[in-house]
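Dear colleague,

I am handing over the structure we spoke about, and below it you will find my notes on what turned up when I went through it. Please read them alongside the coordinates.

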Amino acid sequence: MTKQNPLSNLIYITAFFLIISGCASLRPATDPLLDNKAFDLATKAGSFNKHIVASKGTGWAMLETKTKKEKFKIAWAAVFPNKIRITFLLSGHPIETIIATGEKITFVSHTRAHAKYSYNSKDPDMKGYVHVPIKLSEMILVLLGRLPVKKFDDAYFSPLDSSLSTIILKQDWKALTQHLHFTGKGKINNLTSTDISGNLLYEMTIIKYKTYNFADIPVKIQIEDSDNRKLIIEITNFHPNPSIKESVFQLTDSR
């Protein structure tokens, strides 16, 4: 058995903490009182429409890349945090159904474009299906009328925005960073996720809210990645907290 060199281990450990401390030093010095305000606002954003834990609805999904544009009617039933059944339709005919149970995800083609297939995942990345790098759980939050604000340990107003309308969120030991932008009326109209180098993962723009008697719901949302690929979701019919049977997320041969 080869003996490890204690000096080499010490070098690796020292380098690791230098990298971590170097990343931490990127955090600007800010006013602690404003930090508290930013933290409170971000916490409220993360709790936005938290009372909606299930939904049914219909709408439109538009997928856009540099070479093509596609538009589908969508119908869904979703339950927080990771259960959904969503069907994409074209000219009134179902094209594809996606079912996620919280343990696995299944894809069914109604046009025989592919065989039915499933794989185990609690929260799959949907980039291969909707072009932009959004997690299934984030898409479900959007369809619940909520905001995909990630967990955070630190929140502060961006020093580059003197209007105090942009908040930066960070989580200890995590590479991802989120930016929340508030309108003058206190609503979020933009949310971006970046990696540790500041490179854009995706930008979410809430184009339109609709006021119901139970909540304000984002009903037109655009999600765009760094290559200008877009997913635009437009909700036309929304039912909060309906009774959804577990069988909705079970696939039988007749479905």
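Glu246 counts as partly exposed, because its relative accessibility is 42%, and please keep in mind throughout that this is a predicted model. The side chain of Glu246 forms a salt bridge with Lys83, in which the closest N and O atoms are 3.0 Å apart. This pair links distant parts of the chain, since Glu246 belongs to the segment after strand E13 (230–240) while Lys83 sits in strand E3 (residues 83–90), with the two positions 163 residues apart in sequence numbering.

That pair is one of six salt bridges in the structure. Another of them joins the side chains of Lys68 and Glu70, with an N to O distance of 4.0 Å; as a salt bridge is counted only when the nitrogen is within 4 Å of the carboxyl oxygen, you may wish to keep the cut-off in mind when you look at this pair. Lys68 has a relative accessibility of 43% and therefore counts as partly exposed, and Glu70, at 27%, is likewise classed as partly exposed.

A further salt bridge brings together the side chains of Asp225 and Arg229, at 2.7 Å from N to O. Shared partners extend this into one network, in which salt bridges join Asp225, Asp227 and Arg229. As for accessibility, Asp225 is buried, because its relative accessible area is 4% and the class requires a value under 20%, whereas Arg229, with a relative accessible area of 21%, is partly exposed.

Away from the salt bridges, I also looked at Ser121, which lies in the loop between strand E6 (117–120) and helix H3 (127–130). A polar atom of the Ser121 side chain lies 3.4 Å from the backbone nitrogen of Asp123. If residues up to four places away in sequence are left aside, Ser121 touches Gly102, Glu103 and Lys104.

The last residue in these notes is Lys44, whose place is in helix H2 (residues 32–46). Lys44 is exposed, because its relative accessible area of 60% falls in the class that begins over 50%. In sequence Lys44 and Val149 are 105 residues apart, and in space their C-alpha atoms are 10.0 Å apart.

With best regards

How values were computed:
Residues numbered from 1 in each chain as written. Predicted model: local features only at pLDDT ≥ 70, side-chain atom pairs only at ≥ 80, totals over all residues. Heavy atoms only, no water. Helix = DSSP H or I, 4+ residues; strand = E, 2+ residues; numbered from the N terminus. Polar contact = N/O pair within 3.5 Å; in protein donor to acceptor, adjacent residues only side chain to side chain. Contact = heavy atoms within 4.5 Å. Buried < 20%, exposed > 50% of the residue type's maximum accessible area, 1.4 Å probe, protein only.
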